Amino acid sequence: LTRTTGAIVGGIGGMGQGAGQFIGVHTMATDSSGNLYVSELLGGVKRRDAATGAITTYSGFNRPHGLAVAADGTVYVADTFNNRVQRISPGGSVSTLADGINQPNDVALGPDGNIYSTEWGSSRILRITPAGAATRIADSPRTSSVAVGADGTVYVTEERRGAVRRL
């Protein structure tokens, strides 16, 4: 293993309430401009501007977990305890893509334009259309992460089995 070092872009000090501070960091994603998005289990979703370092906080989330950023800059969020998948537009407005999802834990973008999500609460994997229609595509116990290959193959982690499953 090789140890690497780098600049800290945010920290916990002050319980995550100050500028550049995070609390309960769960997942990170970047967009094509290098902006960093961070989901905080206790604080919402924050965006760190790559050019200025300024932090923007998006509220209304309840223990968000997974994040995915589309090519157009739209950010998709697994809003776990609000039981929905949300999206943040490139302009910063937050809206619900799909509601009634049972504790979504992660999201990933497919090459087909659909969003894929794992449901922690019911152990299902969902395909969500850009219009917000959710369809169960598989069951898998305690899935925590989802990834979609360039060919559209969906992969999920099964936490209790310590396995990666290809659907």
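**Exercise 1. Classify E119 and describe its salt bridge.**

E119 is buried, its relative accessible area being 0%; buried means under 20% relative accessible area, exposed over 50%, and partly exposed in between (1.4 Å probe, protein chains only). The model is predicted: local features need pLDDT of at least 70 and side-chain atom pairs count only at pLDDT 80 or more, while totals for chains, interfaces and linings use all residues. Residues are numbered from 1 along each chain as its sequence is written, and side-chain values use heavy atoms, with hydrogens and water left out.

Step 1. The partner of E119 is R124, and their closest N and O atoms lie 2.5 Å apart. A salt bridge is a side-chain nitrogen of Lys or Arg within 4 Å of a carboxyl oxygen of Asp or Glu.

Step 2. R124 has 29% relative accessibility and therefore counts as partly exposed.

Step 3. By this rule the count comes to seven salt bridges.

**Exercise 2. Determine whether D79 and R84 are buried, partly exposed or exposed.**

Step 1. The side chains of R84 and D79 form a salt bridge at 3.4 Å, N to O.

Step 2. D79 has a relative accessible area of 0%, so D79 is buried.

Step 3. R84 reaches 21% relative accessibility and is thus partly exposed.

**Exercise 3. Describe the sheet that contains β14, and follow E158 within it.**

Step 1. The protein has zero helices and 15 strands; strands (E, at least two residues) and helices (H or I, at least four) are DSSP runs, numbered from the N terminus.

Step 2. Three strands form an open antiparallel sheet in the order β13-β14-β15. Its edge strands, β13 (143-148) and β15, each pair on one side only.

Step 3. β14 (residues 154-158) pairs with β15 (residues 163-166) over four bridges in the antiparallel sense; two strands pair if DSSP finds at least two bridges between them. Four residues separate β14 and β15 in a hairpin, and G162 in the turn has a positive phi of about 65°.

Step 4. The bridge partner of E158 in β15 is A163. E158 is buried, with a relative accessible area of 4%.

Step 5. E158 also forms a salt bridge with R161, with 3.1 Å between the closest N and O atoms. Through shared partners, salt bridges join E158, R161 and R165 into one network. R161 counts as exposed because its relative accessibility is 59%.

**Exercise 4. Where is A71, and is A71 buried or exposed?**

Step 1. A71 is in the loop between β5 (64-69) and β6 (75-79).

Step 2. A relative accessibility of 81% makes A71 exposed.
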